[in-house]
Amino acid sequence: MTRFAVTRAIEGLIVLLVMSFVVYGLIGLMPGDPIDLMIASNPKLTSADAQRLRALYGLDRPILERYLNWLTAALQGDFGYSRAFARPVLELIGPRLVNTLVLMVASLTVALIVGLAAGLYAALHPRSLIDDLIGYLSFISISTPTFWLALLLMMLFSVVLGVLPASGMPVGADTGLGERLRHLILPVATLSLASAGGYTRYMRAAMIETLGQDFIRTARAKGASEMRVVLRHGLRNALIPVITVIALDFGALFSGALITETMFAYPGMGKAIYDAIMANDFNLALVTLLFATLTTLVGNFAADLGYAWLDPRISLAAGRAGT
Amino acid sequence: MRRLSILVALVATGLMLASATPSLAQGKEDLVIGMSQFPATMNPNIEAMAAKSFVLDMAHRPFTTFDTKWQLICMLCVELPTVENGLAKLVDLPADQIQAPKTAGTGVCTPVHDKGITLTYTIQPQATWGDGTPVTTDDVLFTWQVGQDERSGVTNLELYRRITKIDVKDKKTFTMHVNKLTFDYAGINDFLLLPAHIERANFAEPTEYKRRTAYDTDPTNPGLYFGPYRVTQFVPGSHIALEQNPTWWGAKPHFKRIVVRVIENTAALEANLLSGSIDYVAGELGFQFDEALAFQKRFGSRFDVIFKPGLVYEHIDLNLDNPILADKRVRQALLFGADREAISQQLFEGKQPVAHSFVSPLDWVATDDIPRYAHDPAKAGALLDAAGWKAGPDGIRVNATGERLTFELMTTAGNRTRELVEQVLQSQWRKVGIDIRIKNEPARVFFGQTVRERKYSAMAMFAWISSPENVPRSTLHSSEIPTAANNFAGQNDTGFKNALADELIDCIEVEFNREKRRALWQRIQALYAEELPVVPLYYRADPFVFPKWLTGVEPTGHQYSTTLWIENWKAR
């Protein structure tokens with residue numbers, strides 16, 4: 001187990017290092033720089049000023065030199081300064097991380113409860129009317145663009161019915177817990193509805209396949225109750241492929257809500273990535289994207305641990321499935 | 001029974017949520033403004049962003065600015081210096097500060113290069129920072145010190161560089177010595193005061209100032225502001241709250257609290273406005289023109305929508321290094337072949353007027369006495385014939401060597417309005433035998449590389465923003481053509497080289513006499529309309545969407561924001 005964890009940690013560090021270079025290089029390859037944005041909004045900015053500012057912000061230096069400078073500082077704990085928000089990057093992403101965590105944990109929880117329950121029910125009643133209905137709703141959920149869904153919910157509940165706020169975070173005089181929860185409803189609903197369909201389909205397929213296995217028949221033959229067969233034997237095994245999907249979604253915890261956060265003006269990590277890229281803010285973009293990479297790696301690691309817990313036949317020590 | 005209980009619970013929850021929603025009638029003492037961009041910093045001198053100006057102008061004031069009638073006025077000062085009132089005095093420059101004329105001269109005027117000017121200003125006697133510290137000449141001297149230091153990160157050093165000395169008379173009066181004489185000498189709009197009592201310590205290490213400025217590290221410090229409001233909450237990327245500043249010396253503002261919240265997506269911005277989550281969408285940074293037009297049709301009974309034409313000049317830059325476009329007759333044919341009036345009427349319902357030159361018709365120096373190009377396909381055809389382009393078998397003109405009259409037209413991909421204008425122009429120009437190939441690029445590529453490095457082969461459609469009576473040095477003077485040699489500095493992207501234009505620019509900058517200056521402006525506009533380095537299209541209008549109860553917001557049409565007069569905003 002320890003060996004497995006150390007190996008994965010070393011692999012993760014290598015991936016992060018490569019990713020940092022790739023992301024920095026890709027951002028650097030994009031034409032234009034922040035000074036171009038300044039020129040566009042200030043008719044009085046002279047060409048001499050533009051050149052001076054490029055030198056001041058180090059934008060006139062080769063991309064490799066800039067990257068190595070960043071990496072050296074990052075290894076010493078200085079992840080740089082966000083030019084778009086005039087703050088140290090780490091100071092900036094702290095509150096956003098918390099906001100995203102709140103949003104994503106809530107929406108993932110709702111999506112899992114809805115998706116797994118619906119998938120389970122559909123698997124236990126295959127080809128029934130309810131199964132068909134769940135199937136249709138799942139496909140609607142999977143194929144509806146998040147942007148459109150967010151707008152639809154906003155128009156319905158905020159504009160037409162006027163029962164919920166159209167933004168994800170209160171900014172008025174009342175910013176208490178109740179008001180914060182009320183503002184979270186629509187973003188959470190958007191994210192949950194967008195991902196519940198996928199979980200439903202995975203759960204249904206995995207459960208139907210599991211319920212057809214020999215060991216299920218054996219369990220029934222041994223006189224186990226149907227509840228025990230489904231939950232203890234069926235669900236536990238069906239969850240293995242589903243966990244892979246959830247683990248992959250784990251990376252999206254910190255970056256995947258980009259559209260939803262932007263639509264609901266919710267100050268989270270997804271919106272930070274959007275803002276950073278739009279403003280050509282190297283340091284912020286790099287750190288936020290690396291964070292998304294890190295969470296994906298952690299998610300995969302957690303999935304590996306989950307497999308071992310759910311299925312004792314899977315051995316982590318050897319780094320491969322045992323028999 | 002069980003189902004009924006569930007239904008009752010759902011209805012009760014709905015009612016509870018509904019009752020918690022703030023009603024429109026509530027909170028008229030508060031104003032929530034939505035806009036699409038968040039300011040990178042609140043420091044008045046670092047970064048030049050419309051978003052920052054919009055917020056900061058509620059809490060800070062420049063010495064001078066242009067009012068809604070486009071007249072220069074004092075805001076923080078008491079009286080504008082003029083030669084007539086004796087507060088402005090011409091002085092001889094020392095030999096080491098005299099700059100040689102940049103152009104050879106064609107006899108239009110004799111640009112003055114050996115004179116400077118002294119300007120005396122008095123700060124508003126009651127002006128006080130929000131922490132009770134008076135605004136004094138100490139702040140003026142400190143701001144100048146920061147402004148002229150190239151390491152400080154100040155965006156626009158031009159004005160600070162021109163000031164060679166500041167003499168302090170007392171705590172409120174000072175005299176600036178400026179080494180460049182220009183007609184707009186009294187306007188020190190870019191001299192934006194910093195509080196010396198707070199910022200001096202942060203400037204101890206100039207290279208670190210842009211990271212240590214209290215405007216970023218402690219933006220809610222009341223001592224940073226002296227306007228009608230001061231910032232009380234600053235959440236990066238989300239919102240900024242402002243409350244009345246007790247030390248403000250002017251008229252008491254109506255709203256007790258103003259919240260500016262940022263919603264980048266304009267569809268979401270609209271939903272927030274309709275739901276009452278925000279009260280007003282900033283015209284400076286809100287809806288796109290077409291969105292506002294559609295909004296007006298749907299919700300015009302609930303909101304007032306004003307389209308204010310301004311200084312954003314949409315045009316097509318023509319690459320004058322292109323041998324076909326180097327021929328003036330071809331450029332003029334493009335103008336005669338385009339029905340710009342139809343574009344203005346049919347696409348913009350006449351709300352974005354046709355541009356005939358780079359000077360806005362709202363500017364006092366605008367003139368009608370210039371060549372104009374009404375839609376005349378016959379004239380366009382005659383000019384192209386004369387230039388050697390005859391109608392080919394498929395209707396597209398060809399020259400004697402069989403080369404087709406084809407141009408590439410580029411603009412920012414995804415900008416619906418520009419893409420629509422492109423398609424209309426393509427169709428109109430095809431009727432006079434000109435083939436247009438549309439090739440659009442993302443804005444970042446288009447502005448960051450294609451235009452900046454003059455990589456477009458023929459036509460580039462975009463907009464210039466200027467200011468009232470803005471001398472077009474950066475866009476028309478031959479010394480401002482971007483090249484690899486000058487690291488693509490300058491904004492004369494067409495490559496326009498004209499000795500008379502250079503001379504007129506130099507002359508306008510130093511002509512004090514308004515009538516003589518007006519005559520020079522007429523000449524350069526006429527020259528522009530004759531030479532046509534660009535295809536002028538239209539002046540963009542900013543759409544302002546107000547709730548019917550909000551009064552006193554007066555769109556300016558220039559780059560200085562409406563919030564400079566926030567104390568006049570009221571709820572009806």
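**Exercise 1. Determine how helix 11 of chain B and helix 13 of chain B are oriented to each other in this predicted model, and which residues form their contact.**

Solution. Two packed helices are described by the angle between their axes and the distance between the axes. For helix 11 (residues 340–348) of chain B and helix 13 (residues 416–431) of chain B, the axes come within 11 Å and cross at roughly 135°. Angles over 145 degrees count as roughly antiparallel and those from 65 to 115 as roughly perpendicular, while the rest beyond 35 degrees are oblique; helix 11 of chain B and helix 13 of chain B are therefore oblique to each other. The crossing in which helix 11 of chain B passes helix 13 of chain B is right-handed. On the side of helix 11 of chain B, the contact is made by B:Ile343, B:Leu347 and B:Phe348, and on the side of helix 13 of chain B by B:Thr417, B:Leu420, B:Val421, B:Val424, B:Leu425 and B:Gln428. Sorted by class, the residues of this contact are 7 nonpolar and 2 polar, with no charged residue.

**Exercise 2. Locate B:Pro361 in chain B and decide whether B:Pro361 is buried or exposed.**

Solution. B:Pro361 belongs to the loop between helix 11 and helix 12 (377–386) of chain B. Its relative accessible area is 53%, and since exposed means over 50%, B:Pro361 is exposed. Leaving aside residues up to four places away in sequence, B:Pro361 touches B:Ala366 and B:Tyr539. The C-alpha atom of B:Pro361 is separated by 39 Å from that of B:Phe142, which lies 219 residues apart along the chain.

**Exercise 3. Describe how helix 12 of chain A packs with helix 13 of chain A, and work out how many residues of helix 12 of chain A are buried.**

Solution. The axes of helix 12 (residues 269–278) of chain A and helix 13 (residues 282–310) of chain A come within 8 Å, crossing at roughly 145°, and the crossing is left-handed. Helix 12 of chain A contributes A:Met269, A:Ala272, A:Ile273, A:Ala276 and A:Ile277, which meet A:Leu284, A:Ala285, A:Thr288, A:Leu289 and A:Phe291 in helix 13 of chain A. This contact has 9 nonpolar residues and 1 polar residue, and no charged ones.

For burial, the residues of helix 12 of chain A that qualify are A:Met269, A:Gly270, A:Lys271, A:Ala272, A:Ile273, A:Asp275 and A:Ala276. Because 7 of the 10 residues are buried, helix 12 of chain A is largely enclosed by the rest of the structure. The cover over these buried residues includes helix 5 (89–124), helix 11 (258–263) and helix 13 of chain A. Just after helix 12 of chain A, A:Asn280 takes a positive phi of about 60°.

Notes
Residues are numbered from 1 along each chain as its sequence is written. Chains are lettered from A and ligands numbered from 1 in the order in which they are written. This is a predicted model: local features need pLDDT of at least 70, side-chain atom pairs count only at pLDDT 80 or more; totals for chains, interfaces and linings use all residues. Side-chain values use heavy atoms; hydrogens and water are left out. Axes are lines fitted to C-alpha atoms, for helices over the stretch in contact, and angles run from 0 to 180 degrees between N-to-C directions. Helices (H or I, at least four residues) and strands (E, at least two) are DSSP runs, numbered from the N terminus. A crossing is left-handed if the near helix is turned anticlockwise from the far one by less than a right angle, and right-handed if clockwise. Contact means heavy atoms within 4.5 Å. Ala, Val, Leu, Ile, Met, Phe, Trp, Tyr, Cys and Pro count as nonpolar, Asp, Glu, Lys and Arg as charged, and the others, Gly among them, as polar. Buried means under 20% relative accessible area, exposed over 50%, partly exposed in between (1.4 Å probe, protein chains only).
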